[in-house]
Amino acid sequence: MQLDKTDVAILETLQAEGRISNAALADKVGLSQSACSRRLDILEKNGVVRGYHARLSNAALGHKMTAIVHISLSGQFEKTLADFESAVKRCPNVLSCHLMSGEYDYILRIAAKDLADYERIHRDWLTAMPHVTKINSSFALREVIDRTTMGIDPELA
């Protein structure tokens, strides 16, 4: 989808103020409310805007530990990947999962209450997932950055 300057302004505003009303958004980007709503619908239908959500604090909800987990599978056959991905989606502590190139097949970001909770997740979930041959876990000491916004290339507009 080709974005213009107005689309970029809409996206930048939504990243900064996800709960903004359509009326306020339209005012900020210089459109009528109906034109702004139409543009936003197009951005959503084309997958540029993937959704809206509240950003929760893992620590405030009792998950004070973040583990970065590297997973190796027995192979990268379509069924092997599909089986693993289906299983990993069911684990409520997995915050993100990425299929990777390189030494490991997947990298997961996991929220745990503490080391004992991570041991439970490791034992009950990770080792039970299909085709897993190796698990390498690292623990975050401090979160330095966790962006919720991304820069939008001015060349797109």
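## Helix α1, the largest pocket and a few residues worth a look

T13 has a relative accessible area of 13%, so with the cut-off for buried set at under 20%, T13 counts as buried. That value, like everything here, comes from a predicted model.

So where does T13 sit? Its place is in helix α1. A polar atom of the T13 side chain lies 2.8 Å from the backbone oxygen of A9. Setting aside residues up to four places away in sequence, T13 touches I20, L25, K28 and V29.

Now for the helix itself. α1 runs over residues 5-16, which makes 12 residues. From first C-alpha to last, α1 reaches 17 Å, close to the 16 Å expected at 1.5 Å a residue. At the start of α1, D4 puts a side-chain oxygen within 3.0 Å of the backbone nitrogen of T6. T13 has company on the buried list for α1: D7, V8, I10, L11 and L14 are on it too. What do the buried residues of α1 pack against? They pack against α2 (22-29) and α3 (33-45).

V8 also gives a handle on the other end of the numbering. D153 is 145 residues away from V8 in sequence, yet the two C-alpha atoms are 8.7 Å apart in space. D153 itself belongs to the segment after β4 and is partly exposed, with a relative accessible area of 40%.

On to the pocket. The largest pocket holds about 1700 Å³ of space. Its lining is made up of 41 residues, and the ones nearest the centre are H53, R55, R147, T148 and T149. By residue class, the lining divides into 18 nonpolar, 12 polar and 11 charged. Which element gives the most to this lining? That would be α1, with four residues. Strand β1 (65-73) is also a contributor, and both α1 and β1 supply at least two residues.

Strand β1 is home to S72, and S72 is buried because its relative accessibility is 11%. Leaving out neighbours within four places in sequence, S72 is in contact with E103, Y104, D105, H131, V132, T133 and K134. Taking one of those partners, T133 is 61 residues from S72 in sequence, with the C-alpha atoms 5.6 Å apart.

Another of the S72 contacts, H131, deserves a second glance if you check backbone torsions. Most residues other than glycine have a negative phi. H131, though, has a phi near 70°, a positive value in a residue other than glycine. H131 is found in the loop between α5 (115-126) and β4 (132-139), and at 30% relative accessibility it counts as partly exposed.

Last stop is R50, in the loop between α3 and β1. Is R50 buried or exposed? Exposed, because its relative accessible area is 81%. R50 and A35 are 15 residues apart along the chain, and 20 Å separates their C-alpha atoms.

Here are the C-alpha separations side by side:

| Pair | Apart in sequence | C-alpha to C-alpha |
|---|---|---|
| S72 and T133 | 61 residues | 5.6 Å |
| D153 and V8 | 145 residues | 8.7 Å |
| R50 and A35 | 15 residues | 20 Å |

Note on methods. Residues are numbered from 1 along each chain as its sequence is written. This is a predicted model: local features need pLDDT of at least 70, side-chain atom pairs count only at pLDDT 80 or more; totals for chains, interfaces and linings use all residues. Side-chain values use heavy atoms; hydrogens and water are left out. The expected span of a helix is 1.5 Å times one less than its number of residues. Buried means under 20% relative accessible area, exposed over 50%, partly exposed in between (1.4 Å probe, protein chains only). Contact means heavy atoms within 4.5 Å. A polar contact is a pair of N or O atoms within 3.5 Å; within protein, one must be able to donate a hydrogen and the other to accept it, and residues adjacent in sequence count only if both atoms are side-chain atoms. On a 1 Å grid over the protein atoms alone, a cavity is a set of points where a 1.4 Å probe fits but cannot get out, and a pocket is an open set with protein on both sides within 12 Å along at least five of seven lines; lining residues have an atom within 4 Å of a point. Grid points are joined across faces, edges and corners, and a volume is the space filled by probe spheres set on the points. Ala, Val, Leu, Ile, Met, Phe, Trp, Tyr, Cys and Pro count as nonpolar, Asp, Glu, Lys and Arg as charged, and the others, Gly among them, as polar.
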